[in-house]
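Open the model in your viewer and keep the selection tool at hand. The tour below goes stop by stop.

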2 protein chains.
Amino acid sequence: MPGHLSASQITPHRDRYIHELLTFCRQRSISSTGEGMTAMSQMVIERLQRLGARTSVYTVGQSYPFIFAEIGHGPRTLLLYNHYDVQPARREDGWQHDPFEPEIRDGRVYARGVADNKANLLFRIQSIEAYLKAHGELPLRVCFLIEGEEEIGSPHIERFVQQHRELIAADGCIWEVGRRGFDNRPLIYLGMRGILMVELSLMAAANEIHSSWANIVENPANALLDRLRAVLDTLSDSAGRPTFGGLLDELPQPSATDLELIERIPFDLATFQVERDVLLRADVSDPRDALRRLFFEPTCNLCGLSVGHGALGIKTVVPNRAVAKLDLRLPLGLTPDLVEARLRTHLHTHGFDDVHVQRLGALQPARTNPDAEIVRVTSAAVQTVYGVEPIIYPTMPASGPMYELCHAQGIPALTFGAGHAGDNVHAANENIYLDDYFQALQAFGDLLWRFGQS
Amino acid sequence: MPGHLSASQITPHRDRYIHELLTFCRQRSISSTGEGMTAMSQMVIERLQRLGARTSVYTVGQSYPFIFAEIGHGPRTLLLYNHYDVQPARREDGWQHDPFEPEIRDGRVYARGVADNKANLLFRIQSIEAYLKAHGELPLRVCFLIEGEEEIGSPHIERFVQQHRELIAADGCIWEVGRRGFDNRPLIYLGMRGILMVELSLMAAANEIHSSWANIVENPANALLDRLRAVLDTLSDSAGRPTFGGLLDELPQPSATDLELIERIPFDLATFQVERDVLLRADVSDPRDALRRLFFEPTCNLCGLSVGHGALGIKTVVPNRAVAKLDLRLPLGLTPDLVEARLRTHLHTHGFDDVHVQRLGALQPARTNPDAEIVRVTSAAVQTVYGVEPIIYPTMPASGPMYELCHAQGIPALTFGAGHAGDNVHAANENIYLDDYFQALQAFGDLLWRFGQS
């Protein structure tokens, strides 16, 4: 008979669950290079089949496999979004050991992909397994959608959803990530900002030329840089916000509920600055104001600029091209299409027709209503297992395909997972605490029971 | 009995020789990625063994195989330097067809690596074979040294030479490249400029940070760029020459012979500018002066500059690092060690201790005396087969490991090969003329005979 999942119902499986997690982390699955992707997708499919789930696999164009799985019955359906790919990692980036040879030290597992997002993927499977062993059956229907392209911007998920809308129909979705904050309370993010990634480029000549000619050929690097910076200077203000196309004038104001959520979020700017070792903007001093900007304002961030060869190593040429890469984070109210159109108009109006604009990727902003059932149920599960209320963020400042997968279909979504504030996602020495792992696993079982009852 | 090699002694083998060339070009051998390198080295070894040469293979540290081969007897030894690796190539870079599916059109073979340097490698083998079929024996001893790392800067050749000096002892060396000039006369280069490749980098913070924080974290891109350009502005003059460390004051003047060689070189600046589609430096108007600079002056060329992610695609961070990549071409009189030491002193003296300097590679300048026997012999062979005198360049403006392999051992070296002025080496639609191929093959046979007699 369905019910809660207790710690004692998990303990007997603890060693095996850890072993499975290490095995998942040992398998490389780097979507940007393709390394290990087939083996990893097979490993995930086999684990889901051992759970007893019905699995199917889809591809869209040249995509890596989308894995779909379903298990359980009931009037309610819970959708779980995860991904089996990871960011690249090389030991020389600052790792204390081979990033694909997991190590356990001081209660933490260190490995590439452990926090993002193999732990979250696996504890959900294991929680369902423990639940079935404890209670015999699930109190609801659970669907997994597990892609292999999250780390490269989920380029095929929108088309996948368009082609398989019926598969992912659900009453709520738990997103792939999730962590505890700096004060140790679990966080729930109710959405994500959108993103538009564009490349602006300028040419000085049709061809690069071998640098042995540099004595007689003019090097246009400085001229290209001056021109590109003149363009960039018109695009953003000193707060890092886009100033083109009147975008700031059209932003919706945060609602009263949004401002109330901000009030409840502990955020200390000095701690943040010291821990991340970054320089805060001069006008950032109030933590509430910082959060308001992070959730409800857009950015126009120069994430890369290059003239000639900007990659590793060297290419001995007189360069002919300058490139700026911008990522614009978009709060609710701004869409990538609108922002790109305004950007193109702006460049034309300002006489920058020599700038070539290329879109590198885009995702819509997404928001879930704080009153949604899935929010209430997840909060209650956290309260029960962690003994504290979760902190609810109106949105994550970062981006992901949450709108494309969930909100475009009317599915409320939120984040819940086993990470923590120092989990070093995407960076060296990525890690999770094993205590977090098993607490999240237990809370997830509680969530299953509660969502089945609701 | 040894003698000249006539066209009629080559014609019977013509179709097979072309077939072999296409087979060589079809085999990828990209040293920067490793693709096809083992297969290509095997193909070269097998071809040398079919010729009847004694082959041996060496590695130095993590190098690709160095192939050594010898054939023939006599008081004279001729060393041939070639490489079996090629530059990367993708169809989308502007190729009219798959760069590794050779095509013959209008008397030319188009393929990656055909000019640089698979044709030169193969016609030397085939010329020896035709010579043996025509005359039964070679008039001298010929040694091949064929490496697989020329396209990545020959990082192991100096150590190879130090470990195997006895292997490469010779009376003269024919270098891997070679071409006809714009006026169709074959060129002989008597040397190469040296090169020092360095990376200068500046940090703004210890870590990059995820760009979702850009609302509150200062983006240091502009500050880093300003600082890096302030550094770069002190390093070179408007003629693209290094201005630090008094290097220009110490340059030896070109000799009377050098200036005489320059007088005989046809070089039209307007044609060059139109054909390459580049902008000449404002003070370049006299072709003699242009050649003097290219042969006898150094460069300090900014070949790459980046802040944040400068490679393909996008990495959504607030960047923390700026990098400039410089390549300095060095005429005789300047060594990489001297230039690097002066650069470091200059940065320190000017208060740029925040700039981190890293050497990315280096080669010494190399020069062969115009009176060397190998020069006389090669000129005579060209005159005999092409019916014109070659044009002798005191040096190639570009760089290669000629000093490390030859001049450090007292071996005079020069270039002679089957390329032409529009062969698009390193670029899209690389090609050679088949007529050049067979003319070079015949002239090489003549050169063997003459060098054996000398």
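Start by selecting residues 301–308 in chain A and in chain B of this predicted model. These are β12(A) and β12(B), and they pair in the antiparallel sense. Five bridges join β12(A) to β12(B). Now pick V307(A). Which residue of β12(B) stands opposite V307(A)? It is L305(B).

**The rest of the chain contact**

Widen the selection to the whole contact between the chains. Chain A gives 55 residues, and chain B gives 55 residues. Stay on the chain A side. Which element gives the largest share of the side of chain A that touches chain B? β12(A) does, with eight residues. Then add the other elements that give two or more residues there: β11 (209–210), α9 (287–296), β13 (317–318) and β14 (321–330) of chain A. Colour this side by residue class. It holds 28 nonpolar, 16 polar and eleven charged residues.

**The six-stranded sheet of chain A**

Next, hide chain B and go to the open sheet of six strands in chain A. Trace its order: β1-β2-β6-β3-β7-β18. The pairing is mixed. Strands of a sheet pair through backbone hydrogen bonds, either parallel or antiparallel. Find the edges at β1 (54–58) and β18 (413–415) of chain A, each of which pairs on one side only. From one strand to the next, the twist averages 20°.

Zoom in on the β18(A) edge. Select β7(A), residues 172–175. β7(A) and β18(A) run parallel, joined by three bridges. Click W175(A): its bridge partner in β18(A) is T415(A).

Now show helix α3 of chain A, residues 114–135. This helix packs on the sheet. Which strands does α3(A) touch? They are β2 (66–71), β3 (77–83) and β6 (141–147) of chain A. The direction of α3(A) makes about 145° with that of β3(A).

**A helix pair in chain B**

Bring chain B back. Select α2(B), residues 37–51, and α3(B), residues 114–135. Two packed helices are described by the angle between their axes and the distance between the axes. Here the angle is about 15°, and the axes are 10 Å apart. α2(B) and α3(B) are therefore roughly parallel to each other. Their crossing is left-handed.

Show the side chains to finish. On α2(B), the contact uses R47(B), L48(B) and L51(B). On α3(B), it uses I125(B), I128(B) and E129(B). By class, the contact of α2(B) with α3(B) has four nonpolar, no polar and two charged residues.

How values were computed:
Residues numbered from 1 in each chain as written. Chains lettered and ligands numbered in written order. Predicted model: local features only at pLDDT ≥ 70, side-chain atom pairs only at ≥ 80, totals over all residues. Pairing = 2+ DSSP bridges. Helix = DSSP H or I, 4+ residues; strand = E, 2+ residues; numbered from the N terminus. Axes fitted to C-alpha atoms, helices over the stretch in contact; angles between N-to-C directions. Contact = placed C-beta atoms within 7 Å. Parallel < 35°, antiparallel > 145°, perpendicular 65-115°, else oblique. Left-handed = near helix turned anticlockwise from the far one by under 90°. Nonpolar A, V, L, I, M, F, W, Y, C, P; charged D, E, K, R; others polar.
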